[in-house]
Amino acid sequence: MLFLLIVLFGSCKVQNPLLLPISIDLSEKIVSPKQYIIPKSDQEIKIDGNAFEEAWLRAPFTKNFIDIEGEKIPKYNTKVKLLWDENYLYVFAMLEEEHIWADLVMHDAVIFHNNNFEVFIDPSASSTIYGELEINALGTTWDLLLQKPYRVGGKAINTWNIPGLKHAIQFEGTLNNPLDRDIFWSVELAIPMDCLLELKNNPKKLPKEGEQWRMNFSRVEWNHEIIMGKYRRKQVDGKILPEYNWVWSPQKVINMHEPEKWGIVQFTHKAHLIDAKFKKNPNELYRQITFALFREIRFGELQYLMNENYWSGLEIKAMYDKDQYLNAYFYKTHHGFELKCVLPDQDFSYIINEEGVINKIP
């Protein structure tokens, strides 16, 4: 019988998965999303690629971006600041750069084949439907919608557009001139609120005081070479070298499309942030653990659970810190699975399915 179990379950760490709970260490796979409070502008913002208005001067910059995996320090600094009003969500980015170049000019081209700046927005913090906007130094944009992340079969909807989008670029240097050294380029965006509110669950209304959305910002940077006076992505042995990905809120993996890891932005109706405080969700850690377990079951160490039809109610003990565990229960369904994570000292649990859709249940 022991031999049979070994054959059936291979190198699994569980001696008898029908009787014993599974233990898994998630301590290196959980993120702590960055936080930002967005002040409300009390004046008209001119979209010119600068941020000289008093409202912009009151809005704080984020800290400089970090490598997407959260470890390496980027070669160039990048930082953003945010504002909002009833009509727009405003984004201003400063990107240090010695060589400012771009050659893509068609709307909805694959803009990350140039150095670019990217905005990801999930107004309902659902980690399912979200919008993405990319822009290069020429001001060429790519706006797209995902109704679910790529990892669970989502496809980019390029026909989704942001009507009324305003944008402007400024340079401290020159564009597409390899004969000099540049200092930075800046991006200013005014994204219409009407378009973003369509991505929200009901009610599709302007943010209330303290309302929180999920957002992240990314910068794609390529090694380059100069051929006949023009920039292009650097090649070695006929292959383009991989890009760098620098972000506001680290993902711990080279994948921006794990939206549960994005930063948290909180809206205030105040023009000054002196008295504004960020409202921390006491259960954010448990939400992150729930998603980490989902990723392990769909794509990682626990993927073998997907292939066993009779494991229902199997207990999983998820270690998220030294001697700290969260209990979860795995259930097979006709479509895949559901995972229930029991929160300590709470009257609800998180439940997540094979699509990464998360809900609270009593």
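# Reasoning through the strands, spaces and turns

Mentor: Let's start at a strand pair: I351 stands opposite N359 in strand 22. Keep in mind that this is a predicted model.

Trainee: What makes strand 21 and strand 22 a pair?

Mentor: Two strands count as paired if at least two bridges are found between them. Strand 21 (residues 349-353) and strand 22 (residues 358-361) have four bridges and run antiparallel, so they meet that condition. The two also form a hairpin with four residues between the strands, and G356 in the turn has a positive phi of about 80 degrees.

Trainee: Which sheet holds this pair, and in what order do its strands lie?

Mentor: It is an open sheet of six strands, in the order 1-18-19-20-21-22, with mixed pairing.

Trainee: Why are strand 1 and strand 22 called edge strands?

Mentor: Strand 1 and strand 22 each pair on one side only. On average, neighbouring strands of this sheet are turned by 25 degrees against each other, direction ignored.

Trainee: What makes the pairing in this sheet mixed?

Mentor: Look at the individual pairs. Strand 1 (residues 22-25) and strand 18 (residues 312-321) are parallel, over four bridges, and S23 has K317 of strand 18 as its bridge partner. Strand 18 and strand 19 (residues 324-332), in contrast, run antiparallel and are joined by eight bridges, with M319 opposite Y325 in strand 19. Strand 19 is also antiparallel to strand 20 (residues 337-342), through six bridges; there, K332 has F337 as its bridge partner.

Trainee: What happens in the turn between strand 18 and strand 19?

Mentor: That hairpin has two residues between the strands, and D323 takes a positive phi near 60 degrees.

Trainee: Why is a positive phi worth pointing out?

Mentor: Because most residues other than glycine have a negative phi. A125 is another case, with a positive phi of about 50 degrees although it is not a glycine. A125 sits in the loop between strand 6 and strand 7. K252 has a positive phi as well, near 70 degrees, and lies in the loop between strand 16 (244-247) and strand 17 (263-267).

Trainee: How do you know whether A125 and K252 are buried, partly exposed or exposed?

Mentor: Partly exposed covers the range between the 20% and 50% limits. A125 has 24% relative accessibility, so it is partly exposed. K252 has 34%, which puts this residue in the partly exposed class too.

Trainee: Why is C195 called buried?

Mentor: The limit for buried is under 20%. C195 is at 10%, so it counts as buried. C341 has a relative accessible area of 0% and is therefore buried too.

Trainee: How many disulfides does the structure hold?

Mentor: Zero. A disulfide would need two cysteine sulfur atoms within 2.5 Å.

Trainee: What makes the bond between N202 and P203 a cis peptide bond?

Mentor: Its omega is about 0 degrees. P203 is found in the loop between helix 3 (193-197) and strand 11. It merits a remark because most peptide bonds are trans.

Trainee: What makes a space a cavity and not a pocket?

Mentor: In a cavity the probe fits but cannot get out, whereas a pocket is open. The search finds one cavity of 30 Å³ or more, and the largest cavity has about 50 Å³ of space. Its lining includes V119, F120, W160 and L199, and strand 6 (116-122) and strand 7 (130-135) each supply at least two lining residues.

Trainee: How many residues of each class line the largest cavity?

Mentor: Nine nonpolar, one polar and one charged. G131 and E132 are among the lining residues; glycine counts as polar and Glu as charged.

Trainee: Which residues lie nearest the centre of the largest pocket?

Mentor: S124, A125, R287, I358 and K360, out of 17 lining residues. Strand 11 (212-221), helix 4 (284-299) and strand 22 each give two or more residues to that lining. The largest pocket has about 440 Å³ of space, and its lining divides into six nonpolar, seven polar and four charged residues.

Trainee: Where are the edges of the four-stranded sheet?

Mentor: That open sheet has the order 4-5-10-9 with antiparallel pairing, and strand 4 (78-84) and strand 9 (166-172) are its edges, each pairing on one side only. The twist averages 10 degrees from one strand to the next. Seven bridges join strand 9 to strand 10 (residues 184-192), and H167 has L189 as its bridge partner.

Terms used:
Residues are numbered from 1 along each chain as its sequence is written. This is a predicted model: local features need pLDDT of at least 70, side-chain atom pairs count only at pLDDT 80 or more; totals for chains, interfaces and linings use all residues. Side-chain values use heavy atoms; hydrogens and water are left out. Buried means under 20% relative accessible area, exposed over 50%, partly exposed in between (1.4 Å probe, protein chains only). On a 1 Å grid over the protein atoms alone, a cavity is a set of points where a 1.4 Å probe fits but cannot get out, and a pocket is an open set with protein on both sides within 12 Å along at least five of seven lines; lining residues have an atom within 4 Å of a point. Grid points are joined across faces, edges and corners, and a volume is the space filled by probe spheres set on the points. Axes are lines fitted to C-alpha atoms, for helices over the stretch in contact, and angles run from 0 to 180 degrees between N-to-C directions.
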